[in-house]
Amino acid sequence: MLSTANGASGRRLTDSVHSNATLARSSRADRMSYALLSAPALVVYAVVIIIPIVYSLALSFTDWGGSGMPHFIGFANYISMFRDPIFWHSLRDNGLVIAISLIGQIPLGFFLAYILYRQLIFGRAFFEAIIFFPSLLSPVAVALLFGVVFAPSGLIAQVIGMILHSNLFELDSFNSESTAIIPYLIVILWMYTGLYMIIFLASLQKTNGEMLEAAVLDGANEWDLLHRVVLPGQIPVFMTSAIYAIAGSLKSFEVLWIMTNGGPSYYSNVLGLYMIQNTFTYYKYGFGSAIAVVLILLSTGLILLLARGTQYLSARFE
Amino acid sequence: MARTVTLKSLMLSAVAAFSFGIGHAEADSATTGPVQLTGIVPYTQVDADYFELQDMYQRFHAKYPNITIHFDAMDHDAYHTKMQALAISGHLPNLLSLWPGKRTGYLTDRGYAMDLRPWITRDNLAATQRALFLAPQGRDGQIYELGVPYVLWTSIVYANKALLDKLGLTFPKTLKDFEAQAVVIRKAGYHPVVFGDQSSWILQSCLLSTLVGRMGGPDWFQHARFGTNGASFNDPPFVKALQIVQDMTTAGLIDKSEPSTMREQALSEFVSGKSVYFIGGIWEVENLYTSLTPAMRAEILMQPFPHIDGEAFTDDASTSGEIATGFGISKTSTPQQAEAAWKWIQFSMDPANADIYLKHDILPIYKNLDLSARIHDPLLHTSYDFSSGIHTVLPVLDDKMDAEGVEQIINAGLQEIVLGSTTPKQLAAQYETWVAAHDSNRHH
Amino acid sequence: MSQSQRVRAQVPLLFRCSAYVALAFFTVFTVFPLAWLCYTSFKPEQDIVANMIAWPSTWTFDNFSQAWQIGAFPHLFVNSILYSVVTTVVVIILSVAAGFAFAKIPSRFTRFWFSFVLVGLLITISSSVVPIFVAETYLGITNTRIGIIIPYIAFNISFAIYLAWSFVRSIDNEIIDAARIDGAGYIQIYWSVVLPMARPIVTTIGIFTFQACWVEYVLVYMMSSDDTIRTVQVGLSMLHGQLSYNFGLLFAAVMIATLPMMVLYAFFRRQLQAGFSMGSVKG
């Protein structure tokens with residue numbers, strides 16, 4: 001029976017027996033160790049993060065516009081947010097961003113990493129470098145770059161124009177409410193797949209070579225190896241990558257801001273950009289904070305869902 | 001009783017003399033003791049303004065060696081975000097870069113900037129500056145910023161004369177002619193007009209503002225803005241202006257791809273001869289200057305928008321614009337700092353320093369100084385002639401009205417009109433509803 | 001790595017084909033825009049305006065020399081590297097310690113602290129920038145390097161603690177219990193048992209943290225009032241004017257800014273590989 005890198009369930013019983021014994025022995029020294037080990041991180045974190053949490057939460061119930069005294073208005077911000085069609089459309093676009101991250105970046109990153117790890121092709125260092133490179137680029141540059149690529153008379157339009165022998169071909173398929181976000185989806189796929197690839201590459205190194213050997217000797221081919229031996233062991237990495245992807249997808253907007261400014265109209269807006277617009281362009285700090293709070297709740301919800309899903313998957317693969 | 005009056009008036013005049021004396025003494029020490037000032041500007045080393053600032057400051061510091069100004073430069077969006085944070089935390093720099101209208105309303109409408117009128121009167125700026133540049137900016141007539149005396153025209157029709165000649169056309173006199181030209185131009189395989197509305201403010205600032213100004217006139221707009229005289233944005237002038245945008249799209253003057261076209265690309269189309277016209281602001285002159293050869297520069301025409309049938313304001317030598325951005329003084333400055341800051345502002349408006357502006361292709365307009373003889377480049381000459389030839393400045397929407405309404409409803413709505421997903425009447429009604437409920441112009 | 005080389009499984013044809021196709025497609029997809037970025041930076045500005053897409057007809061280094069002059073890259077670079085490296089090192093040390101504590105030391109507070117830490121994952125820098133700025137102004141640490149590094153650490157530590165926790169959790173308790181029976185305290189265990197084993201996760205945390213710090217620019221320009229402490233990213237964002245227009249300059253600057261990172265990556269790759277393969281101490 002193949003056991004995964006995580007301890008199998010048989011461990012748990014002995015865990016608790018042992019820890020009870022050790023707990024009884026020197027709990028005071030243990031508590032000191034616990035404090036010493038965790039305090040530095042917690043202190044830095046708490047001191048900095050408390051500020052925006054309290055600020056956002058408190059302001060979200062006011063109508064503060066950046067000056068004067070804030071007035072308490074209860075849930076009015078939240079209500080007007082849920083009535084705002086731009087909010088819902090931004091949510092939809094954000095959903096697509098998350099979907100691309102989870103279904104596009106991560107599996108693709110894993111697949112590429114696997115190919116490189118199993119050395120199925122030559123020139124590994126070169127591919128690693130090239131595919132990882134985009135994640136280090138400045139958001140400003142990427143936005144301008146792809147702004148020109150997807151523009152109505154941009155790179156893609158010109159290439160298509162050459163194929164169709166038409167000089168004035170214009171790419172306007174991304175002008176509609178439903179498709180305006182697509183260029184951004186392609187951009188983030190381009191930018192971040194390399195990051196996940198590197199992470200998976202790192203994690204694949206940990207795979208037990210002997211297990212692979214044994215499986216091959218048992219008659220497994222490359223495909224079997226992939227989905228029976230390697231994949232189950234990588235589930236934790238998928239999980240952490242997914243968490244990172246969800247949090248990141250809901251937070252990021254800088255590239256989109258410069259690339260489309262949420263346009264045309266509001267068709268390619270996302271929640272992060274929606275929040276910035278309301279805070280710094282319309283001076284609705286209270287409303288902007290409410291959006292921040294909603295973002296936090298959304299991410300929490302999604303991550304919890306993800307945790308459930310992963311538990312289920314791990315159980316299946318055990 | 002006579003004695004007490006005399007005594008009182010004596011005391012009063014003594015106090016007055018005393019404080020006047022003190023005031024005077026302060027003014028003197030302000031020019032002699034060392035003063036440190038800070039300022040932030042919303043342009044960086046890729047803008048000509050940045051280098052003009054360096055030159056101006058060099059000359060200023062040479063004249064007033066005791067005044068040191070430390071300027072921080074950042075890009076446009078970063079500037080506004082940072083200034084808001086600085087305002088909230090009470091740490092604004094001494095010199096604020098301000099727009100004349102709502103763009104920096106988060107500072108001017110909230111009492112962070114000092115009113116410059118006392119200084120303007122004291123130093124008689126009216127002697128060298130046109131009244132236009134000393135016009136009221138704040139709700140009660142305050143003047144918050146002064147900069148290079150120059151109107152930032154937002155709506156100019158640039159034309160490629162060589163291409164016009166080639167197609168056998170001349171600059172259109174009326175909108176009807178303009179629309180008719182669209183067909184001819186497209187048949188010949190060129191774009192009629194490019195704007196580059198991807199950042200969404202272009203159609204509003206560079207087209208709609210002029211249309212609104214012409215169709216309704218500045219007086220009507222003032223009433224609609226403040227909700228006086230029963231005027232509102234549901235009135236025919238506004239709806240008609242929006243209708244013209246729709247008509248221009250149908251006629252093919254505004255391309256359906258405009259909402260996704262970046263300004264840089266629009267410029268590229270115009271410069272490479274693929275488009276006959278380019279509608280944008282006066283800031284494009286700098287870009288045209290660097291991307292065209294001198295021969296090509298001579299072929300650029302600059303005109304206000306053609307005549308529109310049914311205009312309420314019939315002087316067609318009018319286009320939308322706002323006076324240039326400039327410096328204001330933050331209320332957190334000490335009297336000594338404020339005085340030094342004023343010296344800087346006054347210095348940069350002084351006609352004696354016009355040569356620095358000319359050196360960087362910025363063309364100021366003074367009361368008693370005509371600079372056209374000192375401008376040699378054909379494009380810059382065309383630009384100066386354009387500026388000097390406009391009689392009336394029409395209001396720019398995002399300068400006068402609150403950002404949220406203009407951006408969320410008008411800017412976005414214009415893109416939707418071009419794409420065909422809303423109608424002029426709907427958009428006008430939507431905007432009026434918002435303005436009536438939220439705009440600070442209607443609510444005090 | 002060498003182990004997988006020894007094992008040569010049979011590769012189904014479909015699998016091999018899709019491998020090639022995926023890699024090829026993705027590489028071209030990645031390279032295309034980069035190539036455009038690269039050759040555009042060698043075009044004179046007039047040519048770029050005339051035709052943004054075309055292959056250069058004249059090649060020039062003007063954009064690079066201008067970018068170098070304006071960009072003040074050397075000292076911006078030093079700042080970028082300083083912030084990224086210091087933050088990464090501190091985050092690694094603190095997070096592995098905390099991750100270990102949460103994973104292996106029984107305590108009834110762990111649930112609370114852990115959830116508390118995870119909230120940080122969901123906070124955006126942009127929603128926090130104004131309150132943090134006000135707080136730093138109050139403390140007088142705006143325009144200081146520490147004023148940037150501390151928030152960087154705080155924003156990156158949540159995910160790092162999560163990674164460290166899930167890694168440490170997978171370490172066999174037998175190893176730890178054995179050390180405990182020998183009389184070692186938790187801190188000693190952390191130092192002599194866990195830390196040496198943690199190289200794989202250290203590398204992972206390092207990659208995520210470094211990348212996040214490297215591309216960040218909002219916090220830097222908000223907290224800084226002059227060039228002395230600004231980073232490469234802020235410098236690059238300043239080269240994009242709102243009303244003016246110069247792609248060549250910006251792209252040359254991007255090239256200057258990013259190429260050293262690739263060189264660094266090329267150097268550290270060996271280290272990264274070596275670190276990873278240490279992790280396979282399973283039975």
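**Group meeting: a strand in chain B, then chains A and C**

Okay, let's begin with β9 of chain B, where both faces are covered: B:Ser318, B:Ser320 and B:Glu322 are buried on one side, and B:Thr319, B:Gly321 and B:Ile323 are buried on the other. Keep in mind that this is a predicted model. The strand spans residues 318-323, and since 6 of its 6 residues are buried, it is largely enclosed by the rest of the structure.

So who are its partners? Strand β4 of chain B, residues 151-153, runs antiparallel to β9(B), and 3 bridges join them. If you want a spot to click on, B:Trp153 stands opposite B:Gly321. Then there's β11 of chain B, residues 392-394, which pairs with β9(B) in the parallel sense, again over 3 bridges. Over there, look for B:Ser318 opposite B:Thr392.

Now, chain A. You'll see 13 helices and 0 strands. Of its 318 residues, 51% count as buried. And if you take the contacts in chain A between residues at least 6 apart in sequence, 69% of them join residues at least 24 apart.

How many residues does each chain put into the contact between A and C? Chain A gives 88 and chain C gives 99. On the chain A side, the largest share comes from helix α2, residues 27-59, with 19 residues. Sorted by class, that side of chain A has 60 nonpolar, 20 polar and 8 charged residues.

Last bit, chain C. It's divided into domain 1, residues 11-63, and domain 2, residues 72-238. Taken over C-alpha atoms, the centres of those two domains are 35 Å apart.

Key
Residues numbered from 1 in each chain as written. Chains lettered and ligands numbered in written order. Predicted model: local features only at pLDDT ≥ 70, side-chain atom pairs only at ≥ 80, totals over all residues. Contact = placed C-beta atoms within 7 Å. Helix = DSSP H or I, 4+ residues; strand = E, 2+ residues; numbered from the N terminus. Nonpolar A, V, L, I, M, F, W, Y, C, P; charged D, E, K, R; others polar. Buried ≥ 20, exposed ≤ 12 C-beta atoms within 10 Å, placed from the backbone. Domains from an automatic or database assignment. Pairing = 2+ DSSP bridges.
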